[in-house]
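Me: I should like to learn how strand pairing and backbone geometry are read from a model. May we work through one case together?

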Amino acid sequence: MARVAIAGAGLAGLSCAKYLIDAGHIPIVLERRDVLGGKVAAWKDADGDWYETGLHVFFGAYPNMLQLLKELGIEDRLQWKEHTMIFNQPENPGTYSRFDFPDLPAPLNGVMAILRNNDMLTWSEKIRFGLGLIPAMIKGQQYVEEMDKYSWSEWMQKQNIPKRVEKEVFIAMSKALNFINPDEISATVVLTALNRFLQEKNGSKMAFLDGSPTERLCQPIVDYITARGGIVRLNAPVKEFLLSADKTVRGFLIRGLNGAADEVVTADVYVSAMPVDPLKAMLPQAWREMEFFKKLEGLEGVPVINIHLWFDRKLTDIDHLLFSRSPLLSVYADMSNTCQGYANPHRSMLELVLAPAKDWISKSDEEIVEATMAELKKLFPHHLATSEPARLLKYHVVKTPRSVYKATPGRQQYRPSQVTPIANFFLTGDYTMQRYLASMEGAVLSGKLTAQAIERALPIAKNAQPVAAFSG
Ligand SMILES: Cc1cc2nc3c(=O)[nH]c(=O)nc-3n(C[C@H](O)[C@H](O)[C@H](O)COP(=O)(O)OP(=O)(O)OC[C@H]3O[C@@H](n4cnc5c(N)ncnc54)[C@H](O)[C@@H]3O)c2cc1C
């Protein structure tokens with residue numbers, strides 16, 4: 001049995017701890033903030049309304065997330081939606097265009113969804129797009145990885161796919177996948193998503209959690225861990241990795257809050273489940289010249305903003321994710337329809353992702369909401385551009401200046417393995433190398449891979465150490 005100290009209680013850190021417990025080890029998770037979940041964290045306001053770091057959608061193509069929910073006995077908390085993708089039509093305000101996936105095997109259901117949509121693409125565009133995709137479908141993941149040298153715009157041009165396909169469909173898709181535009185996003189990212197969506201029957205089927213991710217997803221993982229002898233501590237920021245003379249970790253130094261003294265937490269194995277940006281800042285001097293850690297410089301979080309608007313009436317009854325196709329916004333949903341825990345039959349609560357956010361991240365909440373409302377007039381003209389428009393009752397804006405790593409061309413080579421050159425130090429997180437993108441699925445899978453790597457590195461000893469041995 002190994003004692004494993006994990007810095008960070010996002011999905012990767014929690015998943016790692018869960019699978020370590022299953023393998024008979026004892027994790028102690030140390031989270032900097034007073035809230036679980038990292039990029040899925042959520043808070044309750046004074047009225048009891050939840051607001052979140054991000055509008056989060058789960059996909060059929062998330063096997064590790066679905067397996068985790070099943071193991072926790074909470075898979076019924078995912079509210080599956082109709083198998084469709086719905087896009088706003090900017091040239092026809094207030095209307096929608098749908099890609100409906102029929103109940104047929106993959107890839108036929110995806111092909112049919114594309115062929116049957118006549119609002120967004122012409123037949124010739126659909127055919128040229130389909131032909132362009134053939135190499136990715138035939139040659140598989142190796143080809144997809146090789147395309148990391150191109151941006152999505154460059155790749156589409158190389159495949160002779162008309163520019164209009166990018167404008168109509170893939171600006172929305174790139175913004176949804178990585179909060180950036182097609183001329184910035186790596187072709188590998190979009191092709192990976194398309195491959196999953198086209199090769200798995202329910203790959204693109206979407207679900208919403210039935211409440212806040214902190215309460216409905218992270219807390220059950222914590223309960224599972226603590227019921228089996230693990231520890232999860234909030235308000236426990238790791239300040240420094242303390243090293244031994246041989247450069248291995250001898251402890252995590254935890255910053256004492258509110259005047260308390262700093263504390264050293266010791267364990268057999270140490271894991272960083274922090275995002276890549278704070279990890280880079282915390283690397284000990286003795287590790288900085290190592291090629292493995294130097295490569296982390298190639299990764300950096302991308303800014304994104306999540307906006308919540310409460311209205312005095314219903315703006316839509318659509319119970320699904322919507323691709324806004326607006327220059328300012330990415331995807332959005334009326335959470336009063338999509339999420340049971342936020343349900344309201346009389347009033348809409350729109351949750352919207354603003355991306356790309358680099359020009360907005362330093363603006364005030366008021367400016368952001370004002371610009372969003374101007375965009376919404378185009379999306380909901382019947383409710384917002386009338387003589388008696390719906391009234392905005394309140395809002396919350398959550399800014400994440402460095403969210404998931406910015407997946408521009410060439411980034412794949414910088415993504416580290418979970419195993420590091422330091423024998424007792426491992427990495428986990430959505431940015432580490434795993435076959436899914438920087439996503440909830442990627443985070444959960446990375447946590448599992450890290451737990452497996454630790455398990456391989458440390459055969460289980462028969463006699464358990466008391467949990468109290470954690471504190472130094
Ligand atoms: C707006 C938005 C929308 C998104 N939409 C989707 C979606 O629809 N579908 C999807 O699959 N994914 C989505 N994602 C991505 C998804 O949220 C992330 O990929 C995933 O949650 C990352 O998990 P992680 O554990 O790797 O990192 P994080 O969640 O960032 O966790 C890292 C943790 O480390 C902690 N930490 C940092 N420094 C320290 C320290 N010094 N000591 C201790 N702890 C520390 C942080 O506080 C945090 O809790 C979205 C993200 C955002 C921001």
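Me: In which sense do β17 and β18 pair, and over how many bridges?

Reply: Two strands are taken to pair if DSSP finds at least two bridges between them. Helices (H or I, at least four residues) and strands (E, at least two) are DSSP runs, numbered from the N terminus. Here, strand β17 (residues 329-334) pairs with β18 in the antiparallel sense, over four bridges. Within β18, Leu-350 has Asp-334 opposite.

Me: What are the limits of such a reading?

Reply: The model is predicted, so local features need pLDDT of at least 70 and side-chain atom pairs count only at pLDDT 80 or more, while totals for chains, interfaces and linings use all residues. Residues are numbered from 1 along each chain as its sequence is written, and side-chain values use heavy atoms, with hydrogens and water left out.

Me: How many bridges join β15 to β18?

Reply: Six bridges join β18 to strand β15 (residues 304-311), and the two run antiparallel. The bridge partner of Leu-309 in β18 is Leu-350.

Me: How should the side chains of β18 be read: buried or exposed?

Reply: In a regular strand the side chains alternate between the two faces of the sheet. A residue is buried under 20% relative accessible area, exposed over 50%, and partly exposed in between (1.4 Å probe, protein chains only). Strand β18 (residues 349-354) is mostly covered, with six of its six residues buried. Met-349, Glu-351 and Val-353 point one way, whereas Leu-350, Leu-352 and Leu-354 point the other way.

Me: Which residues does a cis peptide bond join in the loop after β18?

Reply: Most residues other than glycine have a negative phi, and most peptide bonds are trans. In this model, Ala-355 and Pro-356 are joined by a cis peptide bond with omega of about -10 degrees. Pro-356 is placed in the loop between β18 and α14 (365-379). A cis bond also joins Ala-106 and Pro-107, with omega of about 0 degrees; Pro-107 sits in the loop between β8 (96-100) and α3 (108-116).

Me: Where does Asn-160 lie, and what is its phi?

Reply: Asn-160 lies in the loop between α6 (152-158) and α7 (163-178). Its phi is positive, about 60 degrees, although Asn-160 is not a glycine. Asn-160 counts as exposed because its relative accessibility is 54%.

Me: What is the phi of Asn-235?

Reply: Phi of Asn-235 is near 50 degrees, a positive value in a residue other than glycine. Asn-235 belongs to the loop between β10 (231-233) and β11 (238-243). With a relative accessible area of 41%, Asn-235 is partly exposed.
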